[in-house]
Amino acid sequence: MQDQINGTTVLAALEGMQSPGWQVAAVGEYEHSLPSRYASLRADLSARILALTGRQISPEEIYTNGRLAVAGVDGVTFRLHHGDLMLVRTCTYCGTGHFESPKISSLSDIGYALSAWRPLHEDCEDYSADEFPDF
Ligand SMILES: [Zn+2]
């Protein structure tokens, strides 16, 4: 998805600009570490989803850019970011955007993120306030 700027291009560009050797080495080191980053992020997210939901997600079904990993499970989007598992939902009022839930570490946390948690754009808060008395 966001793999258009692949490492080879960046490295080639750095070398072309005759950047200092340490910068080229740093980028090379980063790129060298990418495959194992991808693999460990996918393995981590897959293991957490399996533990919490009982769903087995194959590595191919998990998107990762080396910093975060994302997977869809039965219409629910899970995201692993900075070592924290979160649920991603759209705005409760307008149905757009991406909001990260509070950290998920138990089935109950997922339950909260799926029900009581109501992610809202700032601009949508005013409109949706009227809906709360209906609960
Ligand atoms: Zn909204």
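This section describes the fold of a predicted model, from its overall layout to single residues.

The secondary structure of the protein chain consists of four helices and five strands. Along the sequence these elements follow the pattern α-α-β-β-β-β-β-α-α. The chain has 135 residues, of which 13% are buried. Among the contacts with a separation of 6 or more, 35% link residues that are 24 or more positions apart.

The five strands form an open sheet in the order β1-β2-β3-β4-β5, and the pairing is antiparallel. Strands β1 and β5 stand at the edges of this sheet; each has a single partner strand, so one side of each is left without a neighbour in the sheet. In general, strands of a sheet pair through backbone hydrogen bonds, in either a parallel or an antiparallel manner.

The pairing can be followed from one edge to the other. Strand β1 comprises residues 63-64 and pairs with strand β2, residues 68-73, in the antiparallel sense over two bridges. Within this pair, Thr-64 stands opposite Ala-69 of β2. Strand β2 is in turn joined to β3 by six bridges, again in the antiparallel sense. Ala-69 also faces a residue of β3, standing opposite Leu-80. Strand β3 (residues 76-81) and strand β4 (residues 84-89) run antiparallel and are joined by five bridges. In this pair, Phe-78 has Leu-87 of β4 as its bridge partner. At the other edge, β4 pairs with strand β5, residues 99-100, over two bridges in the antiparallel sense. Here Arg-89 stands opposite Phe-99 of β5.

Three hairpins connect neighbouring strands, as described in turn below. The hairpin of β1 and β2 has three residues between the strands, and Gly-66 in its turn has a positive phi of about 95°. The hairpin of β2 and β3 has two residues between the strands, and in it Asp-74 takes a positive phi near 50°. The hairpin of β3 and β4 likewise has two residues between its strands, with His-82 at a positive phi near 50°.

The backbone angles of Asp-74 and His-82 deserve separate mention. Most residues other than glycine have a negative phi. Asp-74, however, has a positive phi of about 50° although it is not a glycine. His-82 is also a residue other than glycine, and its phi is positive, near 50°. Asp-74 lies in the loop between β2 and β3, and His-82 lies in the loop between β3 and β4. Asp-74 is classed as exposed because 6 other C-beta atoms lie within 10 Å, where a residue with 12 or fewer counts as exposed. His-82 is exposed on the same criterion, because it has 7 C-beta neighbours inside 10 Å.

Helix α2 lies across β1, β2, β3 and β4, and runs at about 40° to β2. This helix spans residues 21-53 and includes Gln-23. Gln-23 counts as exposed because it has 12 C-beta neighbours inside 10 Å. The C-alpha atoms of Gln-23 and Leu-11 are separated by 9.5 Å, and the two residues are 12 residues apart along the chain.

In soluble globular proteins, nonpolar side chains tend to be buried together. In the present model, the largest nonpolar core has 13 residues, and Leu-45, Ala-69, Ala-71 and Phe-78 touch the most other members. Helix α2 and strands β2, β3 and β4 each supply at least two residues of this core. Phe-78 touches Leu-45, Ile-49, Ala-71, Val-73, Leu-85 and Leu-87, when residues up to four places away in sequence are not counted. Leu-87 thus appears twice in the description of Phe-78, as a residue that it touches and as its bridge partner in β4. Ala-69, another of the core residues that touch the most other members, stands opposite Thr-64 on one side and opposite Leu-80 in β3.

Methods:
Residues are numbered from 1 along each chain as its sequence is written. This is a predicted model: local features need pLDDT of at least 70, side-chain atom pairs count only at pLDDT 80 or more; totals for chains, interfaces and linings use all residues. Two strands pair if DSSP finds at least two bridges between them. A residue is buried if 20 or more other C-beta atoms lie within 10 Å of its own, exposed if 12 or fewer, and partly exposed in between; C-beta atoms are placed from the backbone. Two residues are in contact if their C-beta atoms, placed from the backbone, lie within 7 Å. Axes are lines fitted to C-alpha atoms, for helices over the stretch in contact, and angles run from 0 to 180 degrees between N-to-C directions. A nonpolar core is a set of buried Ala, Val, Leu, Ile, Met, Phe, Trp, Tyr and Cys residues joined through C-beta atoms within 7 Å.
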